[in-house]
Amino acid sequence: MVAFILRRLVVGAGVLLGVSIVTFLIAFVVPADPAVAMAGAKADPQTLAMIRTQLGLDQPVYVQYAQYVERALHGDLGRSYIRRESVTDLIVGRFPATAILAVSAMAAALVLGVAMGLISGAWRDRMPDHLLLVLSLGFVSIPVFWLGTMLLIVAALYLRALPLGGFSGWSSLILPTITLALGSAGYYARILHTNLTDALDQEYVRTARGKGLSRRQVLVKHALANALIPLLTLAGLDLAGLLSGVVLTETVFNWPGIGRLAYEAVVNLDIPLIMGTVLFGAVLVVLANIVVDVLYAWLDPRIRLGAIG
Amino acid sequence: MTAKGKLMEMTGAFMITLLVITAIGAPLLAPHDPAQAVAETFGDPAGPSRAFPLGTDELGRDVLSRIIWGARISLEVAVTAMVVTMVIGVAIGLIAGFFGGAADFALMRLTDMMLAFPTLLLAMAFVTVLRPSLLSILLVIGLVSWTGVARVVRAETLSLAQRDFVLAARALGATPRRLIIWHVLPNALPVIVVMAVLGTSGTLLLDAGLSFLGLGVPPPTPSWGRMIEESTMYFRTAPWLAAFPGLAIFYAVLAFNLLGYGYLRRRGASNAALK
């Protein structure tokens, strides 16, 4: 098991190295001069030269990259051009809002998705199954930003039942949660349905039926238990994605999280902040991947012992 | 199962046909010029009326006409971006799956790396630094979306490369290039086509999302995502400006999903294989 975890960590470190190169590329392909962006268009040449030296822009590319990685390893992602604050502090400051929304949306998506998947599995190939399949396809086909906008218009503007945006108490959480959860729920419902129908065709399910268990007992105790594991690993990775900030939903609802921070960075062409949010998201996903892999191996000894996967 | 899959497939295909007809026939179908102020209510959006069934926007332009023309640009971008995605993904999947070994390891780690990035965030970052234009948007959507395609095509190639007809051709002395192009690729085509159909719903959503954030094809091209973005100021007074273009996006995405998943269901293929 230790060897397995170590192997995953080494591969993860390699992936992170690639991630850092791509993130570094963002700054490199940008046509705007960072020194001008910081000092303003009217700055004199001396000031610009000084800023360039400060930022290390007069160094060769590989030196710049090495410095970038070294600073990033120490938690230093540079300073925002616009806000003049540490990018790390900005991201850390926005994280709680994003985390609350991510957990709430994931919980809602799992409850709704598993319920839909279970119902369609129980009524397999009959009307509820077909209706739920179309419904889940509908859910994944809705553009999130539009769903969010429509919910805002109806619930906040017309019914005046819920806050218009921002974060002012728990009721602010309702609309963004629905917006984020529907798409994932539709996706989970379809995955669970596939896994359930696969599981229901297995011998052990037939055995369980044969020894006299009811359909419901077999579905919940035997098939669901096996069908849920792949779904949970998927949800684990999705959670990491949500935690790195959801740009569209946070923008629509004016949610004070990392996604909105990233959007503001893009609008302002605030390169260090753009790089920081992208890197933060990628690191979260790589870490989640490792955690999920290890959990999976722990649950399934065949993987841990290298028999499959 | 089979019959329902067929029904979904047919519905999807029918919806896509309507969409394509709308896109191609936009000049004939649109009642007004999408870029011209045709209503007298300039400066103030007007709700749906007999003359303008979906209302007019703040510049007095006809929303229906803009949505019809929007079908053209939205489909063009989504389909071209899908082609870019498929070219990258299929090439990487074929090479990784066929040659295996170091090439496979390197390409799959590259895939892992790209999968680690939050798609929209990375796309936003790159469109921003490259400046939004039709070309940069197509390239960026392709660059951030190919990973799923590469994984599926690789898996398919792995199994095809071991099949008897490929081994026979190899024994006859066929070069790797010939084997890949004439033996593996044609047999991977069904999978690739399904990925392309489902991929189009993905590129439609990604393009719409970018447009909504102001990073889409620059104005005055009336793409659906941009129409919603432009309507943000009028949520209170003119909700139809956001509602109808969003329905159009939803319709298009649903159409491609119905066709793709309907096919999968009819063939009884598990969704997981083509996630």
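A crossing of two helices is called right-handed if the near helix is turned clockwise from the far one. In this predicted model, the crossing of H5(A) with H10(A) is of the right-handed kind, and that pair of helices is a good place to return to once the overall layout of chain A has been described.

Chain A is built from 14 helices and has 0 strands, so that its order of elements, read from the N terminus, is α-α-α-α-α-α-α-α-α-α-α-α-α-α. Along the principal axes, its C-alpha atoms occupy a box of roughly 85 × 60 × 30 Å. Of the 309 residues in chain A, 40% are buried. Among contacts in chain A with a separation of 6 or more, 70% join residues that lie 24 or more positions apart.

Helix H5 of chain A, which covers residues 87–122, takes part in two helix pairs described here. With helix H10 (residues 215–243) of chain A, H5(A) packs at an angle of about 150°, and the two axes are 10 Å apart. Because angles over 145 degrees count as roughly antiparallel, H5(A) is roughly antiparallel to H10(A). On the H5(A) side the contact is made by A:Thr98, A:Ala99, A:Ala102, A:Ala105, A:Met106, A:Leu110, A:Leu118, A:Gly121 and A:Ala122. Facing them from H10(A) are A:Leu219, A:Leu224, A:Ala235, A:Asp238, A:Leu239, A:Leu242 and A:Leu243. Sorted by class, this contact holds 13 nonpolar, 2 polar and 1 charged residues.

The other partner of H5(A) is helix H12 (residues 258–267) of chain A; here the angle is about 135° and the axes are 8 Å apart. That angle makes H5(A) oblique to H12(A). From H5(A), the residues A:Leu90, A:Ile91, A:Arg94, A:Phe95 and A:Thr98 meet A:Ile258, A:Gly259 and A:Leu261 of H12(A). The class count for this contact is 5 nonpolar, 2 polar and 1 charged residues. A:Thr98 thus appears in the contact with H12(A) and also in the contact with H10(A).

Ahead of H12 in chain A comes a loop that starts after helix H11 (247–252), and A:Asn254 sits in this loop. Most residues other than glycine have a negative phi. The phi of A:Asn254, in contrast, is positive, near 55°. A:Asn254 counts as partly exposed because 15 other C-beta atoms lie within 10 Å.

Helix H4 of chain A offers a simple check on helix geometry. H4(A) runs over residues 61–73, and its 13 residues should span 18 Å at 1.5 Å a residue; the end C-alpha atoms are 18 Å apart, which agrees. After H4(A) comes A:Gly75, with a positive phi near 80°. A:Val69 belongs to H4 of chain A and is partly exposed, since it has 16 C-beta neighbours inside 10 Å. Between A:Val69 and A:Ile91 there is a sequence separation of 22 residues, and their C-alpha atoms are 18 Å apart.

Attention now turns to the contact between the chains. Chain B contributes 41 residues and chain A contributes 42. On the side of chain B that touches chain A, the elements giving two or more residues are helix H4 (101–116), helix H5 (119–130), helix H9 (176–212) and helix H11 (240–267) of chain B. H11(B) gives the most, with 10 residues. By class, this side of chain B comprises 30 nonpolar, 7 polar and 4 charged residues. H11(B) is mostly covered, with 22 of its 28 residues buried. Its length also fits expectation: 28 residues at 1.5 Å each should span 40 Å, and the end C-alpha atoms of H11(B) are 40 Å apart.

Two further residues of chain B complete the description. B:Val184 is placed in helix H9 of chain B and counts as buried because 25 C-beta neighbours lie inside 10 Å. Leaving aside residues up to four places away in sequence, B:Val184 touches B:Leu94, B:Phe98, B:Thr157, B:Leu160, B:Ala161, B:Val166 and B:Leu179. The C-alpha atoms of B:Val184 and B:Phe165 are separated by 9.5 Å, with their positions 19 residues apart along the chain. B:Arg131 lies in the loop between H5 and helix H6 (134–145) of chain B. Although B:Arg131 is not a glycine, its phi is positive, about 70°. With 13 other C-beta atoms within 10 Å, B:Arg131 is partly exposed.

Note on methods: Residues numbered from 1 in each chain as written. Chains lettered and ligands numbered in written order. Predicted model: local features only at pLDDT ≥ 70, side-chain atom pairs only at ≥ 80, totals over all residues. Axes fitted to C-alpha atoms, helices over the stretch in contact; angles between N-to-C directions. Helix = DSSP H or I, 4+ residues; strand = E, 2+ residues; numbered from the N terminus. Parallel < 35°, antiparallel > 145°, perpendicular 65-115°, else oblique. Contact = placed C-beta atoms within 7 Å. Nonpolar A, V, L, I, M, F, W, Y, C, P; charged D, E, K, R; others polar. Buried ≥ 20, exposed ≤ 12 C-beta atoms within 10 Å, placed from the backbone. Expected span 1.5 Å × (residues − 1).
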